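Please load the model in your viewer and keep the sequence panel open beside it. The tour below proceeds by selections, and each stop says what to pick and what is found there.

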Amino acid sequence: MMSKLLGERYLLGAMIGTGGMADVYTAQDQRLSREVAVKILRSDLAQDPSFVSRFRKEAKAAAGLNHPGIVAVYDSGEDPAPYIVMELVTGHTLRELIHEGERIECDRALEIISGVLEALDYSHMRGIVHRDIKPANIMITESGDVKVMDFGIARAIDDLGATLTSTWNVVGTAQYLSPEQAQGSIADSRSDLYSTGCLLYELLTGRPPFIGETPVSIALQHVSGEYPPARSLQPNLPADIETVLAVALSKSPDSRYQDALSMLADIKRLRSGVHVTTKITRIRPLKRRSFLIAGGSILIASVLAVVGLSLNGASEPSVGFELPNVIGLTEDQARELLSQYVVTVTRAHDPRIPAGRIASQIPLASSDVKPGSGVVLTISDGPGDAIVPDGLIGMVLTDARAALAAAGLVVSQTIAAPSDEAQGTVLEVTPGAGSTITAGSGVILTIASGEVEVPNLLGVEAIQAKTLLFNSDFLIKEFYDYDPTQPIGVVIRQAPEAGTTQTIGDSVTITINRAP
């Protein structure tokens with residue numbers, strides 16, 4: 001069980017996020033009396049001394065970034081596990097908003113990308129390349145502001161290379177990988193702009209530019225594939241969107257926007273209705289190269305040349321007929337684009353592609369395939385089923401989450417309950433072990449907690465009140481109002497009332513007196 005006092009300074013509160021690499025907690029900085037977020041690395045990453053060393057160095061570099069569009073890094077340490085201390089931001093990641101099916105209008109998408117580019121311009125000017133721009137690393141605050149996070153982790157992960165385990169979510173990362181990263185080359189600031197182009201494409205169309213069954217297939221498309229034009233998926237988008245995307249998603253870094261400000265200028269032209277005049281440079285990408293999916297432990301050596309065969313099985317490659325990319329399209333849309341080919345359709349479950357959409361194609365997009373040749377399309381039947389594993393009860397939360405991930409499931413909610421078991425022990429699983437549910441869906445875990453009495457906070461200074469609540473393992477919701485009869489900065493209302501009993505991890509709402 002993780003010590004509640006991290007680095008003899010940060011008093012951990014409730015878990016507010018979890019992922020393939022780390023868990024995130026609220027915490028109280030005991031020295032500065034402020035609320036922070038603490039990201040604690042996964043145990044398998046923490047056991048790699050070289051990673052911990054790089055992680056510490058890069059976290060310190062990221063701590064030097066001071067920009068309203070970047071989640072601030074305050075501190076880092078390894079006691080008792082590697083962690084970073086960050087600005088506590090309330091809101092949602094873009095990944096959460098996308099997965100919830102929220103439709104983002106064109107102008108709002110451009111506004112979000114503008115915020116990302118402003119943050120990248122600031123970091124690039126200080127020599128820090130993010131290397132992992134993706135929806136999970138973009139926060140949208142409750143007030144609608146954009147904040148980019150995980151600069152330090154991104155660099156450390158990139159340097160770690162092929163030593164990461166396969167449990168890391170490389171599929172999600174591969175969808176935003178630049179061609180040079182996919183080929184194992186050095187990523188510079190233009191790599192961040194390519195990933196930002198991928199993010200813009202997804203915000204506008206509802207899907208990444210390249211989709212595949214495996215990280216390898218996705219990375220191949222970044223190196224040599226062509227994405228479906230954004231307006232073929234969303235016809236109401238302005239025409240100049242295609243120009244911005246074409247430049248940002250150029251296979252060659254030299255043909256892309258050369259800095260964040262250049263791309264930002266074109267985004268502003270789009271928002272104001274001014275014609276985008278940036279020229280598109282067409283460079284045909286090389287297809288026969290070894291490449292590494294950075295941070296994903298997947299190395300492909302001479303993918304297309306290893307046995308001297310082209311993708312369509314011929315001993316000599318056909319030339320001049322590039323197969324369109326139809327992944328993510330409906331069968332009718334795919335057949336229209338592949339009208340010159342003999343199409344065979346199969347079906348299979350796929351957790352990442354909506355039912356009724358093309359999940360994979362053979363040969364791969366952009367392969368040289370003569371008209372009249374055969375193309376096999378696999379249509380997704382949706383995510384399929386998964387079985388809730390046995391043995392979760394009695395595990396600690398981190399082990400239970402790993403077991404569920406291995407079964408194709410996630411933890412959708414934790415419920416704290418009184419128990420004599422150690423805090424964080426799984427007491428109940430809903431649905432129960434052996435239940436068959438949709439793959440990728442969530443399981444609710446009831447975990448051991450304790451019952452705590454709510455302290456009397458009325459008239460107490462806000463910082464002291466928050467400290468009392470943190471020490472009692474409560475979450476805090478704060479509001480402001482004005483009462484001329486009370487001193488400024490003290491708590492004038494609280495809910496629940498003092499003396500009532502609440503479960504560890506529950507929220508207590510305080511209203512702080514603030515002058516109008």
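Begin with the aromatic rings of this predicted model, where the count of aromatic pairs comes to three. Select Tyr-201 and Tyr-227 as the opening pair: their ring centres are 5.4 Å apart and their planes stand at 75 degrees, an angle over 60, so the pair is classed as edge-to-face. In sequence the two tyrosines are 26 residues apart, with Tyr-201 in helix H8 (residues 189-205) and Tyr-227 in the loop between helix H9 (215-224) and helix H10 (230-233), and the pair thus links distant parts of the chain. Are these two residues buried or exposed? Tyr-201 counts as buried because its relative accessibility is 0%, and Tyr-227, with a relative accessible area of 16%, is buried because that value falls under the 20% cut-off.

Keep Tyr-227 selected and add Phe-210, which forms a further edge-to-face pair with Tyr-227, at 6.3 Å centre to centre and with 75 degrees between the planes. Phe-210 sits in the loop between H8 and H9 while Tyr-227 sits in the loop between H9 and H10, so that 17 residues separate partners from distant parts of the chain. Phe-210 is buried too, its relative accessible area being 1%. With all the rings of this stop displayed, Tyr-201, Phe-210 and Tyr-227 can be viewed as one aromatic cluster.

From Phe-210, move to Gln-175, which is placed in the loop between helix H6 (170-174) and helix H7 (179-182). Which residues does Gln-175 touch, not counting residues up to four places away in sequence? Its contacts are Cys-198, Pro-208, Phe-210, Ile-218 and His-222, and Phe-210 is also a member of the aromatic cluster just visited. Gln-175 is itself buried, with a relative accessible area of 12%.

The next selections concern charges placed over rings. Pick Arg-34 together with Tyr-74, and you will find Arg-34 lying over the face of the tyrosine at 3.8 Å from the ring centre. Then pick Arg-514 with Tyr-480, where the arginine again lies over the face of the ring, at 4.0 Å from the ring centre.

Leave the rings now for the salt bridges, of which the structure holds 17. Select Lys-466 and Glu-35, whose closest N and O atoms are 3.5 Å apart. Lys-466 belongs to helix H15 (residues 462-471) and Glu-35 to strand S4 (residues 34-41), so this salt bridge ties together parts of the chain that are 431 residues apart in sequence. The partners fall into separate accessibility classes: Lys-466, at 15% relative accessibility, counts as buried, whereas Glu-35, with a relative accessible area of 23%, is partly exposed.

Go on to Glu-87 and Lys-147, which form a salt bridge with 3.3 Å between the closest N and O atoms. This pair also links distant parts of the chain, since Glu-87 is in strand S6 (residues 83-87) and Lys-147 in strand S9 (residues 146-148), 60 residues apart. Both Glu-87 and Lys-147 are buried.

For a bridge inside one helix, select Asp-266 and Arg-269, whose side chains meet at 2.5 Å, N to O. Both residues lie in helix H12 (residues 260-272), three residues apart, which is about one turn of the helix. Asp-266 counts as buried at 0% relative accessibility, while Arg-269 at 32% counts as partly exposed. To see salt bridges that share partners, display Arg-9, Asp-29, Arg-34 and Asp-75, which are joined into one network; Arg-34 is the residue already met over the face of Tyr-74.

To finish, clear the selections and show the whole protein, colouring by secondary structure, which comes to 15 helices and 24 strands. Of its 516 residues, 51% count as buried, and the exposed surface is about 23,100 Å², with carbon and sulfur atoms supplying 52% of that area. A contact map would complete the view: among contacts between residues at least 6 apart in sequence, 68% join residues at least 24 apart.

Terms used:
Residues are numbered from 1 along each chain as its sequence is written. This is a predicted model: local features need pLDDT of at least 70, side-chain atom pairs count only at pLDDT 80 or more; totals for chains, interfaces and linings use all residues. Side-chain values use heavy atoms; hydrogens and water are left out. Helices (H or I, at least four residues) and strands (E, at least two) are DSSP runs, numbered from the N terminus. Buried means under 20% relative accessible area, exposed over 50%, partly exposed in between (1.4 Å probe, protein chains only). Contact means heavy atoms within 4.5 Å. Accessible areas come from the Shrake-Rupley method with a 1.4 Å probe; for residues, only the protein chains shown count as cover. Rings of Phe, Tyr and Trp (its six-membered ring) pair if their centres lie within 6.5 Å; planes under 30 degrees apart count as stacked, over 60 as edge-to-face and the rest as tilted. A charge sits over a ring if NZ of Lys or CZ of Arg is within 6 Å of the ring centre and within 35 degrees of the ring normal. A salt bridge is a side-chain nitrogen of Lys or Arg within 4 Å of a carboxyl oxygen of Asp or Glu.
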